[in-house]
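Student: I am new to this structure. Can we walk through it step by step?
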Amino acid sequence: MLLLGCIKEVSDYELAISLPNGLSGFVPVTQISDAYSKLLTKQVAQGELLEELHSLPDMYSPGTLVRCVVTSVEKSADGRRSVKLSIDPKKVNKGLSSTALAAGMLLSGSVLSVEDHGYLIDIGVTGTHAFLPHQKAKTYIKAVKKGPDLKIGQNLNCLIVEVKNEGRVVCLSIDRSEVAASIATEQQNWALSNLLPGLVLKARVQKVAPLGMKLTFLSYFTGIVDFMHMDPEKSMSYSPDQVVKACVLSVHPTSRAVRLTLRPPFLHAGGAPRQLPGQRMGAVLEEATVKAFYKQFGAVFQLDDGTLAFARLKHLSKTRKSFKPGAFKEGCKHKCRIIDYSLMDEMCVVSLKHQIIEARFLQYQDIHTGDVVQGKVLSLKPIGMQVKVADGIRGLVPSLHLSDVILKQPEKKYNIGDEVKCRVLECDPGGKKLILTLKKSLVQSKLPVLSSYEDAKPGLITHGFVVCAREFGCIVKFYNDVKGLVPKNELGSEPISCPDKVFYEGQVLKVMVLKCEPQQERLLLSFKLSSKPGPEDKWKCTPNEKQEAKYQIGEIVDVKILKKKDNGLEVSILEDEANAVAWIPALHLSDFVATSKLLWHCLQEGDVLPRVMYLSDKGEHIILSRKSTVISAVQEEQVVRSFSEIQPGMLLAGYVRNVMPFGVFVEFPFGVTGLAPKVSMSDKFVTDTKDHFVVGQTVIAKVMSIDEEKQRVLLNLKVSECSSGDSAAESFTLLHQYFKELEEIRDLLRRGEPSICELVPGKGVHLVVQDVREDGSALFSGSSVTGLTVTATHYHLGDKNIAPGEKRKALVLHVDALTSEVYVSLREELLKQRP
């Protein structure tokens, strides 16, 4: 089928074409012309850009009329039809032969080559050479402003000026005034087999009907003008036998049906239809008046500015069942929204559907960078995920952005049809390009969106994602392709020798803007978010005077507790005649985090703690430690006293000094520190570093590498890497130490809570039912559990139906001394096993 279309949008790979009656189609880059396709093939084969091959935006402009032929109509999974077109003269002018060519004919041509005196034009007629002299192209080239010459593949409206040698040679003109004045006549011998859309002719009205008119033209042809293509100013005044100027819109090859338009912009060949002002697209109109209703097609409305608009039948109501024809009588008013503009009908397309009127996004222009949008998964490909944001709006989530971590098998996490919450990284309405992210850290971020270099003010803190980690530092990207550099000295509070081992591509981190030069698009960033000191987690001793360093690191002393603070104990060193004041951080009371909390809970002011090791003196106060692993390491000389002693492969006992999103800083006795990057922290996959380590935790670390010049150490904390030859002996030593400390805690508990010390897992007790909760668990009391909360879950009540006041025998499962809670079981199979 042949159609006259108008270019709506131009991209590098296709032309979007507006067709009559609100339809649209597209011309792929391979359907421009034979000569253009050959250049494309040559460029692909050579792998380099050809000077003579110009992009489609260099040759085509929106608003230009073109003759098209339908090559295929494809139906998508959601029932939408996609119309594929071609503007190749060989296909459009297929019905023409060299003998049928006559002076005055108007047809489509495409530039084949540039010669000395003009251009060779491909008009798609076998055996005919068409030539366009430079003189006949001058005014056209000047008017279109696409460069000093016509380009190979450029589509033209060609007027045949002269025919030589029985059609084997024709001379052409594309002069705008000559083309505009051309009219198809009987003398040009047009036949139904070669009649072309875009021809302007004189026609006679044969019949006028409510939905259009029937016309006769070129002696024996008949054609139809539908209601959308009558001249709006004269639509009520047409009468039989009236002679009108018309333009051929379409020719159907099998039914031989010819459709025409009487709209003024088409009545001069090469004209251009009126465009819709940009601000009108998407506008919601409170009152649009019905001008006419056509039960098979839809309704025509008059808008607030007097222009006409069309609503298809399916856009008049939510469903077919809810449609009421009575509401569309002439003069009725409705709320609607402009959803499209048909260039070929010079008419807005509107919708009355509530969900479309209320829709947040109607076109790519409505979406802004940083917007959080809901979408539906359409497909998963190696490049990423395609997401449908709204009707006609699709976005791409690159594979890097499918999650906070790189997904090797995204199909296991996402299914086609899933609803996903994304954030817009980039939106280019012109190119219909929408890039989204699914990284939760970015989607849920409450920090400002950095989408231009002008917004990057020094001190701004925002989220970004790492795109590159190298020796010089990290490159971090934000929205709209804004990117900046975090230099090596700004990567963290501790020196980092190998950024590529600490940071990974796609990692989301908070960054602070240090400096920005918008003109040069240069941005300097830092991962150190503030120069202010962090929360005070170390106690400063009461005396203001700096104490003299009397002790060596590793020296063992006994201490007496002076004060209990939330984060540690203030103690005095007993052997010191002056009773020097020192500090034991809460997490240095034991190698075990849970035990440290319990010890702190049980200890009282005045208690004496034996065998505490002098750890450091930072100038403000003495810090002591009770970590047995650290004490043993120092006493057995399995330590490094300075950076120069460190060797790759060493196993060192230390404690976590700081937990960062990119890794863990570990401190060793004598002040040496190192970094275990995220990838070397655990044998398990690490999503959040805080899930694996806490500040103060005792660790055994293996030295991976050292940077002597920058005094930096990289560590490995994986259990599989940090075990010495006799791992069984190590494990038993740790276990023995754990039980030894539990015994110590039990002795301390006997002072204040003697009842809790008698309760050990496996002990039988007699209890009284206090209460049965809604969730099926029960609370108990008894003389042996005074002051304690005793609970049995629903499962551990077995199949017994119990009531408050009943006496029951139970078995102790677990005792939590920290919260004074005891968990028991009434299940028979457990009670029977008790000796």
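Tutor: Start with residues 649-718, in a model that is predicted. Over this stretch the chain is 0% helix and 50% strand. Its end C-alpha atoms lie 13 Å apart. UniProt, in an unreviewed entry, lists 649-718 under "domain: S1 motif".

Student: How much of residues 370-439 is strand?
Tutor: This stretch also appears under "domain: S1 motif" in the unreviewed UniProt entry. Its end C-alpha atoms are 13 Å apart. Helix makes up 0%, and strand makes up 54%.

Student: How many aromatic pairs does a search of the whole structure find?
Tutor: Ring centres must lie within 6.5 Å to count as a pair. With that rule, the search finds 10.

Student: What kind of pair do Phe323 and Phe328 form?
Tutor: Their centres are 5.5 Å apart, with 25° between the planes. Planes under 30 degrees apart count as stacked. So the Phe323 and Phe328 pair is stacked.

Student: Is Phe328 buried or exposed?
Tutor: Its relative accessible area is 5%. Buried means under 20%. Phe328 is therefore buried.

Student: What kind of pair do Phe503 and Phe662 form?
Tutor: The ring centres sit 4.9 Å apart. The planes meet at 50°, so the pair is tilted.

Student: How many residues apart in sequence are the parts that this pair ties together?
Tutor: Phe503 lies in the loop between α8 and β29. Phe662 lies in the loop between β36 and β37. The pair therefore ties together parts that are 159 residues apart in sequence.

Student: Which residues do ring pairs link into a cluster with Phe503 and Phe662?
Tutor: Phe503 and Phe662 are both buried. Ring pairs link them into a cluster with Phe527 and Phe665.

Student: Which ring does the charged end of Lys564 sit over?
Tutor: The charged end of Lys564 is 4.3 Å from the ring centre. That ring belongs to Trp600.

Student: Which residue in β17 is the bridge partner of Val290?
Tutor: Strands β16 (residues 284-294) and β17 (residues 298-302) run antiparallel, joined by 5 bridges. They form a hairpin with 3 residues between them. In β17, the partner of Val290 is Phe301.

Student: Which residue in β19 is the bridge partner of Leu285?
Tutor: β16 also pairs with β19 (residues 333-342) in the antiparallel sense, over 4 bridges. In β19, the partner of Leu285 is Cys336.

Student: Which residue just after α10 takes a positive phi?
Tutor: Helix α10 covers residues 628-635, and its buried residues include Val630 and Ile631. Just after this helix, phi is about 60° at Glu637.

Terms used
Residues are numbered from 1 along each chain as its sequence is written. This is a predicted model: local features need pLDDT of at least 70, side-chain atom pairs count only at pLDDT 80 or more; totals for chains, interfaces and linings use all residues. Side-chain values use heavy atoms; hydrogens and water are left out. Rings of Phe, Tyr and Trp (its six-membered ring) pair if their centres lie within 6.5 Å; planes under 30 degrees apart count as stacked, over 60 as edge-to-face and the rest as tilted. Buried means under 20% relative accessible area, exposed over 50%, partly exposed in between (1.4 Å probe, protein chains only). Helices (H or I, at least four residues) and strands (E, at least two) are DSSP runs, numbered from the N terminus. A charge sits over a ring if NZ of Lys or CZ of Arg is within 6 Å of the ring centre and within 35 degrees of the ring normal. UniProt positions are given in the numbering used here, feature names are shortened, and annotations may be inferred rather than shown by experiment. Two strands pair if DSSP finds at least two bridges between them.
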